[in-house]
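Take a look at the chain below. We will walk through its cysteines and then its aromatic rings.

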Amino acid sequence: MEDKTPTIVCPICGQVYHPAEIFIPKEFFGDPKEVIRTTSGKIDFITGKDMCLDETYVCDNCLTPLTIHANLSFTITPSTEKNFSEDYVSSYKKLEKLRLEETSLFDD
């Protein structure tokens with residue numbers, strides 16, 4: 001089974017790193033609080049912390065300081081599994097109210 005995760009290679013000694021060894025997920029993806037879009041659906045601005053695609057790291061093998069930039073891209077293909085153009089109605093059965101037996105609060 002072939003691993004499709006891209007690796008980071010030190011250009012000096014060839015030491016290979018997994019991206020998770022270099023990039024901190026919370027810093028990498030940022031912390032967007034609110035995404036504000038235009039009426040056409042494009043992102044106008046984002047509040048919160050932006051993504052950080054740059055990281056510095058000192059190679060464990062040759063001790064060379066490295067500056068690493070992530071070139072992030074996405075491949076998008078429309079899914080044909082679900083057809084949302086057809087109407088769908090889900091059924092709902094209202095549950096009966098719970099009825100508790102009434103008892104006297106005071107002894108007779």
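What follows covers sulfur atoms and ring pairs, with burial noted along the way.

The model is predicted. Start with the cysteines. How many disulfides does a search of the whole structure find? It finds zero. A disulfide needs two cysteine sulfur atoms within 2.5 Å.

Take cysteine 52. Its closest cysteine sulfur belongs to cysteine 10 and lies 20 Å away, so a bond is ruled out by distance. Cysteine 52 is partly exposed, with a relative accessibility of 31%.

Now turn to cysteine 59. Here the nearest cysteine sulfur is that of cysteine 13, at 3.6 Å. Cysteine 59 is in no disulfide, because the cut-off is 2.5 Å. Is cysteine 59 buried or exposed? Cysteine 59 is buried, at 0% relative accessible area.

Next come the aromatic rings. The count is three aromatic pairs. One of them joins phenylalanine 23 and phenylalanine 28. The ring centres are 5.2 Å apart, and the planes meet at 70°. That makes the pair edge-to-face. Both phenylalanine 23 and phenylalanine 28 are buried.

Phenylalanine 28 also pairs with phenylalanine 29. Their centres are 5.1 Å apart. Why is this pair edge-to-face? Because the planes stand at 90°, and an angle over 60 degrees counts as edge-to-face.

The two partners differ in burial. Phenylalanine 28 has a relative accessible area of 13% and is buried. Phenylalanine 29 is exposed, at 53%. Together, Phe23, Phe28 and Phe29 form one aromatic cluster.

Notes
Residues are numbered from 1 along each chain as its sequence is written. This is a predicted model: local features need pLDDT of at least 70, side-chain atom pairs count only at pLDDT 80 or more; totals for chains, interfaces and linings use all residues. Side-chain values use heavy atoms; hydrogens and water are left out. Buried means under 20% relative accessible area, exposed over 50%, partly exposed in between (1.4 Å probe, protein chains only). Rings of Phe, Tyr and Trp (its six-membered ring) pair if their centres lie within 6.5 Å; planes under 30 degrees apart count as stacked, over 60 as edge-to-face and the rest as tilted.
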